[in-house]
Amino acid sequence: MGGSLAPAGPVAAEMATLWWALLALGAAGFVIFAVLLGLALRRRHPGPEEPDPQAAGRRSHRLLVGAGVVQPLVFVIATFALTVVAMRAIPEASDVDADAVVVDVVGHQWWYEIRYPDLGVVTANEVHIPAGQAVRLRLRSADVIHSFWVPQLAGKIDLIPDYVNELVLIADGPGTYLGDCAEFCGLSHTWMGIRVVAHPPEEFDSWVQAQAAPAEPPTGAVAMQGQEVFLQSTCAQCHTIAGTPADGAEGPDLTHLASRATLAAGTIDNDRMALEDWLTDPHAIKDGVEMPPAEVDGDQLDALLTYLEGLQ
Ligand code: CUA
């Protein structure tokens with residue numbers, strides 16, 4: 001995961017610059033303080049070169065006032081000023097064009113629901129954005145407080161129940177930027193990864209088109225059997241697959257599950273073996289997860305996996 005000191009967008013760059021400026025300021029402050037303190041302590045003791053103890057005392061006093069009052073004051077004011085300048089440079093939702101892409105992010109224990117209200121796209125744990133454009137994120141939580149943090153693109157922002165926070169995301173260029181939930185939110189807080197994928201604008205448009213479409217009907221007898229298994233099991237009560245009767249809202253939308261890079265919010269790679277482990281024993285992979293194990297095995301499990309793998 002790239003850190004906040006490897007910024008990939010103007011907002012993160014602004015914050016990285018501020019961080020370096022504060023580090024320089026702090027280091028300079030420490031050195032100046034140490035020197036002044038050293039001088040004050042040394043001159044406290046009149047030696048042969050300092051015959052007047054009273055003059056030495058006054059000088060020490062001035063040095064201590066300089067080190068203990070004036071210098072910290074100057075540095076606190078400088079820190080405040082640099083921070084205000086950086087805050088003003090960071091775009092807010094109101095600075096973004098009215099036709100910017102809007103993404104609703106809803107935090108759940110322990111995954112992210114991702115919706116594009118104007119584009120008809122619903123997905124999970126991956127935010128796809130056009131590179132080089134400001135994107136408006138509206139974030140809230142369905143349960144406890146989570147925190148959305150993709151260090152290479154922007155600062156942290158809390159996902160709170162019943163309140164919408166906004167964040168502007170801008171990626172300089174195409175790429176995948178990883179992030180985490182940055183607020184302790186229960187047993188599997190560590191397994192709540194977020195992935196931002198920035199595409200060249202035309203590629204983003206094709207992504208939207210693919211994601212907005214309902215799931216392709218299963219092809220082949222095995223996949224068709226798998227769809228039956230899905231619809232008749234508990235899966236369909238919690239998950240939606242657009243184009244089928246499954247319209248559960250508890251868990252992630254699975255319409256284009258196979259197009260996503262990971263399962264369980266970045267916990268495991270999205271391949272058939274991992275998917276089988278996840279379906280049969282999700283708690284072994286992610287403690288506390290609300291998904292029950294799928295009660296299928298043998299041919300039925302195979303068919304279910306084939307069906308889910310086909311949800312491109
Ligand atoms: Cu969600 Cu920590």
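This passage describes the overall form, the local backbone features and the side-chain pairings of a predicted model.

The chain holds 8 helices and 12 strands. Its radius of gyration is 28 Å, well over the 20 Å that the globule rule gives for 312 residues, so the chain is more spread out than a compact globule. Along the principal axes, the C-alpha atoms fill a box of roughly 100 × 45 × 30 Å. Buried residues nevertheless make up 43% of the 312 residues. Among contacts with a separation of 6 or more, 61% are between residues 24 or more positions apart. The chain exposes about 16,200 Å², and carbon and sulfur atoms supply 59% of that area.

Helix α1 is a good place to begin a walk along the chain. This helix covers residues 10–44 and includes Trp 20. With a relative accessible area of 48%, Trp 20 is partly exposed, a value that falls between the 20% limit for buried residues and the 50% limit for exposed ones. Trp 20 also belongs to a nonpolar patch on the surface, where it is joined by Leu 5, Trp 19 and Leu 23. Together these four residues have about 420 Å² of accessible area.

Three places in the backbone deserve a closer look. As background, most residues other than glycine have a negative phi, and most peptide bonds are trans. Gln 109 and Trp 110, by contrast, are joined by a cis peptide bond, with omega at about 0°. Trp 110 sits in the loop between β1 (102–108) and β2 (111–116). The other two places are marked by a positive phi: about 65° at Asn 125 and about 55° at Ala 264, neither of which is a glycine. Asn 125 lies in the loop between β3 (121–124) and β4 (126–130), while Ala 264 is found in the loop between β11 (262–263) and β12 (268–269). Both are loop residues, yet Asn 125 is buried at a relative accessible area of 10%, and Ala 264 is buried at 15%.

Where does Arg 140 lie? Its place is in strand β5, which covers residues 135–141. Arg 140 counts as partly exposed, at 38% relative accessibility. Leaving aside neighbours within four places in sequence, Arg 140 is in contact with Val 105, Val 106 and Gly 107, and also with Leu 159, Ile 160, Tyr 163 and Val 164. Phe 30 is 110 residues away from Arg 140 along the chain, and the C-alpha atoms of the two are separated by 41 Å.

Gln 211 offers another view of the packing. This residue lies in helix α3 (residues 201–212) and is buried, with a relative accessible area of 7%. Beyond its neighbours within four places in sequence, Gln 211 is in contact with Val 121, Thr 123, His 256 and Ser 259.

Toward the end of the numbering comes helix α8, made of 12 residues (298–309). At 1.5 Å a residue the helix should span 16 Å, and its end C-alpha atoms are 17 Å apart, which agrees. The buried residues of α8 are Leu 301, Ala 303, Leu 304, Leu 305, Tyr 307 and Leu 308. In an α-helix there are 3.6 residues a turn, so residues three or four places apart point the same way. The cover over the buried residues of α8 includes α4 (221–232) and α6 (272–280).

Helices α6 and α8 are also connected through charged side chains. Side chains of opposite charge can pair when their charged atoms come close. A search of the whole structure finds 5 salt bridges. One of these joins Arg 272 and Asp 302, at 3.4 Å from N to O. This pair links distant parts of the chain, with Arg 272 in helix α6 and Asp 302 in helix α8, 30 residues apart. Arg 272 forms a salt bridge with Glu 309 as well, the closest N and O atoms being 2.9 Å apart. Here too distant parts of the chain are linked, since Glu 309 is in helix α8, 37 residues from Arg 272. Arg 272, Asp 302 and Glu 309 are thus linked in a network of salt bridges. Arg 272 is partly exposed at 28% relative accessibility, Asp 302 at 39% and Glu 309 at 34%.

A further salt bridge brings together the side chains of Glu 113 and Arg 115, at 2.6 Å from N to O. Glu 113 counts as buried, at 14% relative accessibility, whereas Arg 115 is partly exposed at 36%.

Definitions and conventions:
Residues numbered from 1 in each chain as written. Predicted model: local features only at pLDDT ≥ 70, side-chain atom pairs only at ≥ 80, totals over all residues. Heavy atoms only, no water. Patch = residues over 30% accessible without salt bridge, like charges linked within 9 Å, V, L, I, M, F, W, Y side chains within 5 Å. Areas by Shrake-Rupley, 256 points an atom, 1.4 Å probe, with all protein chains shown as cover. Helix = DSSP H or I, 4+ residues; strand = E, 2+ residues; numbered from the N terminus. Buried < 20%, exposed > 50% of the residue type's maximum accessible area, 1.4 Å probe, protein only. Rg over C-alpha atoms; globule rule 2.2 N^0.38 Å. Contact = heavy atoms within 4.5 Å. Expected span 1.5 Å × (residues − 1).
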